[in-house]
Amino acid sequence: MISSVRGPVQSVGLDHAVIEVGGVGFAVQAAPSTLATLRRGEEAQLYTALIVREDSLTLFGFADTDARDLFWMLLTVSGIGPRLGLAMLAVLEPDKLRTALSEGNVAMLTQVPGIGKKGAERLIIELRDKVGALATGAESPVAPTANVVRGSVVEALVGLGFALKAAEQAVDGVLAENSAGDTAAVLRKSLAVLGRKR
């Protein structure tokens, strides 16, 4: 099991970063809010979950162990794969996701693309009692600038299949209302805007 990677960032893509560890570049899938904190050439550490399939080995990276633990917990629910689990953590920060699960907030969970009402209810039933055991003591990271947030969220939306122009318009509209929003919050609101237009 590869539980973390640390080293210089070789590249940052739409949905992943490549981090060099001992001369080997590891491609790590991560949420936009995590990718936004990485800079090419700078050293970074990500806590990782290794997903083994018949035809692939995929690393998923997180800024802290709290998010990674919640990711593993999401994967215990039937119908939740690693991509969907990562999408949930991209739209809802760990604390908000935990609150939604413990309070049975179906509306908040269905903001995640790919999660319908039945899926949200299944998540709540299976995880409501478990999420209370996970508590976070991590300090909030410094909020990235509006330009960094805009770029990250637009890239994430395009990666989810939205047209570039529509993604930019949605993000600009959200940032016009609240330029101090963090990446996850802006992504969540932009998805809500785009969802109404579909």
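Which residue has its backbone oxygen 2.5 Å from a polar atom of the side chain of Arg-68? In this predicted model, the residue is Ser-3. The sections below start with the whole chain and then return to Arg-68.

## Overall make-up

The protein is built from 9 helices and 5 strands. Read from the N terminus, the order of the elements is β-β-β-α-β-β-α-α-α-α-α-α-α-α.

The chain has 198 residues, and 42% of them count as buried. Its accessible surface is about 10300 Å², with 51% of that belonging to carbon and sulfur atoms. Among contacts with a separation of 6 or more, 53% are made by residues 24 or more positions apart.

## Nonpolar cores

Nonpolar side chains tend to be buried together in soluble globular proteins. The largest nonpolar core here holds 47 residues, and those with the most contacts inside it are Leu-97, Leu-109, Leu-123 and Leu-157. Helix α3 (residues 82-91) gives this core its largest share, 7 residues. A second core, separate from it, has 12 residues, including Ala-30, Leu-35, Leu-46 and Leu-59.

Leu-123 shows what such contacts look like for one residue. Leaving aside residues up to four places away in sequence, Leu-123 touches Leu-74, Val-77, Ile-80, Met-88, Leu-101, Ile-115 and Arg-128.

## Helix α2

Helix α2 spans residues 65-74. The helix is mostly covered, with 7 of its 10 residues buried. These are Asp-66, Ala-67, Arg-68, Leu-70, Phe-71, Met-73 and Leu-74. One of them, Leu-74, is also among the residues that Leu-123 touches.

The cover over the buried residues of α2 includes two strands, β4 (43-53) and β5 (56-62), as well as the helices α3, α4 (94-103) and α6 (117-131). At the start of α2, a side-chain oxygen of Asp-64 comes to within 3.2 Å of the backbone nitrogen of Asp-66.

## Arg-68

Arg-68 sits in helix α2 and is buried, yet has no salt bridge. The nearest side chain of opposite charge belongs to Asp-69, 4.1 Å away. A salt bridge requires the nitrogen and the carboxyl oxygen to be within 4 Å, so this pair does not count as one.

What else surrounds Arg-68? Not counting residues up to four places away in sequence, Arg-68 touches Ser-3, Tyr-47, Thr-48, Ala-49 and Phe-62. With Ser-3 there is also the polar approach asked about at the start, in which the backbone oxygen of Ser-3 lies 2.5 Å from a polar atom of the Arg-68 side chain.

Notes. Residues numbered from 1 in each chain as written. Predicted model: local features only at pLDDT ≥ 70, side-chain atom pairs only at ≥ 80, totals over all residues. Heavy atoms only, no water. Helix = DSSP H or I, 4+ residues; strand = E, 2+ residues; numbered from the N terminus. Buried < 20%, exposed > 50% of the residue type's maximum accessible area, 1.4 Å probe, protein only. Contact = heavy atoms within 4.5 Å. Areas by Shrake-Rupley, 256 points an atom, 1.4 Å probe, with all protein chains shown as cover. Core = buried A, V, L, I, M, F, W, Y, C linked by side-chain atoms within 4.5 Å. Lys, Arg positive; Asp, Glu negative; His and termini not counted. Polar contact = N/O pair within 3.5 Å; in protein donor to acceptor, adjacent residues only side chain to side chain.
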